[in-house]
Amino acid sequence: MLAAGLLFGSFICFVLPIGGAVMLMRRKKGTGKAFLFGMLAFIVSQPLLRLPLLQLVLPQYAWFAVLQMNPWRYGLFLGLTAGLFEETARWIAIRFFLKEKTDIEHGLSFGLGHGGVEAMLLVGLQFVYMLFLMIMGKGALLPVGAGTVFVSSLERLSAILFHTGASLLVMHGVRRKKVRYLAVAILLHTLLDAPIVVLQAVFGVGIAGIEVYAALAAVITLVAGIWCYQTPKKQE
């Protein structure tokens, strides 16, 4: 079962985003560029900016330590900063580097790049390494079970769906020259991430409940993004 879970997780983290991007490249010119800039938007906004700020800079301040003691405020802070950093990075990449490439295919590819590279870096590379250990006959050394791997894989699937929907919203806002779509994406990102902290710390919700919530939030965001592209301008 562990091997099946690792294969499933590797498929979600690598085959789904890359395969999806390849299919879009065959349909629309410029989707490959959108995929790459989606990847860059995540790498710049999170590993290079937000995470060092959270892990290295803010812990030096007393107010941050106090903030961490309140799950409501801390959850909101984490969710809001994730939304501000990632959605703003999306907007900058699309606005300045993907001019005239704002069709729905470009948005889908951008989202696959953003969510895909996040999945690869957070768990995908670990899954591949663990598969390698199993092939080498060292599977008994692995500290995780099949259940944990499957849950992590489904979590990444939800994240990819969310990032795809949020990318569509931001890209649609850029092509319509309306900043409110960026604001909506930031709000949805906050509503996705903040409750993950609050639900567990305040209400004792387990992993299953949190994953169900994340999946629902992801689907809602994706549907909203697709809806924007399919709705006539006058009816938006």
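Is Arg-27 buried or exposed? Arg-27 is exposed, with a relative accessible area of 62%. The legends below refer to a predicted model.

**View 1. Arg-27 pairs with Glu-105 in a salt bridge.**
The two side chains meet at 3.7 Å, N to O. Arg-27 belongs to helix 1 and Glu-105 to helix 5 (residues 104-135), so the pair ties together parts that are 78 residues apart in sequence. The partners sit in contrasting settings. Arg-27 is exposed at 62% relative accessible area. Glu-105 is buried at 14%, because buried means under 20%.

**View 2. Lys-28 forms a salt bridge with Asp-103.**
The closest N and O atoms are 3.0 Å apart. This pair also links distant parts of the chain, 75 residues apart. Lys-28 is in the loop between helix 1 and helix 2, and Asp-103 is in the loop between helix 4 (71-97) and helix 5. Lys-28 is partly exposed, with 29% relative accessibility. Asp-103 is partly exposed too, and its value is 29%.

**View 3. The surroundings of Lys-28, in the loop between helix 1 (2-27) and helix 2 (31-57).**
Which residues does Lys-28 touch, not counting residues up to four places away in sequence? They are Asp-103, Glu-105 and His-106. The C-alpha atoms of Lys-28 and Glu-105 are separated by 6.7 Å. Along the chain these two residues are 77 residues apart.

**View 4. Glu-87 and Arg-90 form a salt bridge within helix 4.**
The side chains meet at 2.7 Å, N to O. Both residues lie in helix 4, 3 residues apart, or about one turn of the helix. Glu-87 is buried, and so is Arg-90. Elsewhere, salt bridges that share partners join Glu-118, Glu-155 and Arg-156 into one network. The count for the structure comes to 5 salt bridges.

**View 5. Five residues make a nonpolar surface patch: Leu-53, Leu-56, Val-57, Tyr-61 and Trp-63.**
The patch covers about 480 Å². Which helix gives the largest share of the nonpolar patch? Helix 2 does, with 3 residues. Trp-63 is found in helix 3 (residues 62-68). Trp-63 counts as partly exposed, at 45% relative accessibility.

**View 6. The largest nonpolar core has 23 residues.**
Leu-2, Leu-6, Cys-13 and Phe-127 have the most contacts inside this core. Helix 1, helix 2, helix 5 and helix 6 (146-176) are the elements that give two or more residues to the core. The largest share, 9 residues, comes from helix 5. Apart from this core lies another, of 17 residues. Among its members are Ala-89, Phe-110, Leu-182 and Ile-186.

**View 7. Cys-13 in its buried setting.**
Cys-13 has 0% relative accessibility and counts as buried. Cys-13 is also one of the residues with the most contacts inside the largest nonpolar core. Which residues does Cys-13 touch, leaving out those up to four places away in sequence? The set is Gly-116, Ala-119, Met-120, Val-123, Gly-124, Phe-127 and Arg-156. Arg-156 is also part of the salt-bridge network with Glu-118 and Glu-155. Another cysteine, Cys-228, is buried as well, with a relative accessible area of 4%. How many disulfides does a search of the whole structure find? The search finds 0 disulfides.

**View 8. Thr-221 lies in helix 8 (residues 207-230).**
Thr-221 is buried, and its relative accessible area is 2%. Leaving aside neighbours within four places in sequence, Thr-221 is in contact with Phe-162, Gly-165, Ala-166, Leu-169 and Leu-188. What separates the C-alpha atoms of Thr-221 and Leu-188? The separation is 7.1 Å, and the two residues are 33 residues apart along the chain.

Note on methods:
Residues numbered from 1 in each chain as written. Predicted model: local features only at pLDDT ≥ 70, side-chain atom pairs only at ≥ 80, totals over all residues. Heavy atoms only, no water. Disulfide = S-S within 2.5 Å. Buried < 20%, exposed > 50% of the residue type's maximum accessible area, 1.4 Å probe, protein only. Helix = DSSP H or I, 4+ residues; strand = E, 2+ residues; numbered from the N terminus. Contact = heavy atoms within 4.5 Å. Patch = residues over 30% accessible without salt bridge, like charges linked within 9 Å, V, L, I, M, F, W, Y side chains within 5 Å. Areas by Shrake-Rupley, 256 points an atom, 1.4 Å probe, with all protein chains shown as cover. Salt bridge = Lys/Arg side-chain N within 4 Å of Asp/Glu carboxyl O. Core = buried A, V, L, I, M, F, W, Y, C linked by side-chain atoms within 4.5 Å.
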